[in-house]
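Visitor: I should like to learn how to read several features of a protein model. Please begin with the aromatic rings.

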Amino acid sequence: MNDQPTVLIVDDEKHTRDGLRLSLEDDFDCYVAGNAAEAMEYLQNDHIDVMLTDLRLGEDDGMKLLDAALALPKPPVCIMMTAYGSVDTAVEAMRRGAYHFVTKPLNLDEVELLIKRALRSRTLEHENVALKQQVERKFSIEGILGQAEVMKPILDTIQQVAPSRATVLIEGESGTGKELVARAIHNLSGRPKANIVAVHCAALSPQILESELFGHEKGAFTGAQERRIGRFEQANGGTLFLDEIGEIDASTQVKLLRALGEQTIERVGSSKPIQINVRVIAATNRDLAKMVEEGKFREDLYWRLRVVTIKLPPLRARKSDISILADHFLRDLAKANGKAYKPLGEDALPAMMNYDWPGNIRELRAAIEHGVVMSNSNRVMLKHLPSYLLNPHGLGIGLRAPSLLATKDAAAAAPGAAPGTTADPGAKPKSDLDITEAEHQLILTALQRSGNNRTVAAEMLGMSRRTLQRKLKDLNMVRTHRRRVTTPASPESTPA
């Protein structure tokens, strides 16, 4: 078996490619091609470590060949050579991903040393990739990546609870990976992997949600022209994942409580009980304990759901995982977009570490995909990532400080500080209504930017449309109470 590195020499001049082959064949397994078509045939059918190509290949363009080679799943190291050398040409070749650039007439010893240096660089890169993959395997469960200290007990809990039948409540801000955790628990549970059913409760009205969960009989209500099997029955023997559980209405809470307690359901329009065997995993970005205190969520259902609770930290609390997550997304999204993998540039990671990621892992993934698509060099640089990364406490839509709509932690730490500002130690703390006022203004800004489309505004703010509706109602009550002092526009007057 020939274990020599492979070198593809591409030149339209026969004496040049033959001379290079004779010079290099003692140390390398050499292939030669006279045009781009021959070169691509070798690249697609053989493993090529290094491609040494002329810039001008008769009617062919060496730059286009470079682009095609680097777009392959396992691209070679590319070195450009030409008799028409210039600084601009060299910069363009390097920008497109070439390892180096040499001009004719060639110094054969220099070319050989350059190829060997390129191969050493490729070996180090492969070793680095392998090391990163080992780290990912060591600190991952079913696709959940994390080596931060705050993630270790979570990964332990997932492994511990998965084989049981216990109901699990997953809490955390939007975008922290709650559904990924639910699927990991299911996949490790021993139940059929294909039998996990997800329901996003906030996306459905109370009437539709009840039918969606429990099914209905033919004629149960207007439009019910045939029997429908609900999600509980679809998940029988497996797992039912209820996302945004805090959004379900009171009547559905009662039926859900019975389903959890007795493992029986009744379809809408029927009184016949149906026995089920379903493990329920619920998720929420709301404070269910507070909702219980306020009478907005049943206490008995709350205790049924939180047999085991997993609280996912926001990405800003596990910044040591950003590099691992970013590299994982770079590989996945490069493949999904039909592009070659490119590592992060040296200026990208510091900016990512300095950003607060209010949209959490979901926002990080979107930013990486932006970089993968926009990169026109051999790395994903800061300039290829969304511009809002330059604002550590900002958000892509420029609407809110980190997690303002999900938590008041920042306000508690710095009473009276407006979003994006530093509290004056000597200033008198402001009331909670100032935080509400800031939230109110952010919602109004989102509505204005979305053209008063509440669905789009909710997406901009990282919440469900129902949550936005509830906040508009709550905020209007506060504004009504304060009209004695001021009379700003009411959110309720905002068209849907």
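Guide: Rings of Phe, Tyr and Trp (its six-membered ring) pair if their centres lie within 6.5 Å; planes under 30 degrees apart count as stacked, over 60 as edge-to-face and the rest as tilted. This is a predicted model, in which local features need pLDDT of at least 70 and side-chain atom pairs pLDDT 80 or more, while totals for chains, interfaces and linings use all residues. Residues are numbered from 1 along each chain as its sequence is written, and side-chain values use heavy atoms, without hydrogens and water.

Visitor: Which residues form one aromatic cluster?

Guide: The cluster consists of Tyr 355, Trp 357 and Tyr 388. Tyr 355 and Trp 357 meet edge-to-face, at 4.7 Å centre to centre and 90 degrees between the planes. The rings of Tyr 355 and Tyr 388 have centres 5.6 Å apart and planes at 45 degrees, so this pair is tilted. It links distant parts of the chain, as Tyr 355 and Tyr 388 are 33 residues apart.

Visitor: Is Tyr 388 buried or exposed?

Guide: Buried means under 20% relative accessible area, exposed over 50%, and partly exposed in between (1.4 Å probe, protein chains only). Tyr 388 has a relative accessible area of 18% and is therefore buried. Tyr 355 is buried at 0%, and Trp 357 is likewise buried at 0%.

Visitor: How should one read the buried residues of helix α3?

Guide: An α-helix has 3.6 residues a turn, so residues three or four places apart point the same way. Helices (H or I, at least four residues) and strands (E, at least two) are DSSP runs, numbered from the N terminus. In α3 (residues 62-70), Gly 62, Met 63, Leu 65, Leu 66, Ala 69 and Leu 70 are buried. They lie on the same side of α3 because their arc, taken from the directions from the helix axis to the C-beta atoms, covers only 160 degrees.

Visitor: Which residues are buried on the two sides of strand β6?

Guide: In a regular strand the side chains alternate between the two faces of the sheet. In β6 (residues 77-82), six of six residues are buried: Val 77, Ile 79 and Met 81 on one side, and Cys 78, Met 80 and Thr 82 on the other.

Visitor: Which strands pair with β6?

Guide: Two strands pair if DSSP finds at least two bridges between them. Strand β3 (residues 50-54) pairs with β6 in the parallel sense over five bridges, with Asp 54 partnered by Met 81. Strand β7 (residues 100-103) is also parallel to β6, over four bridges, and there Phe 101 is the partner of Met 80.
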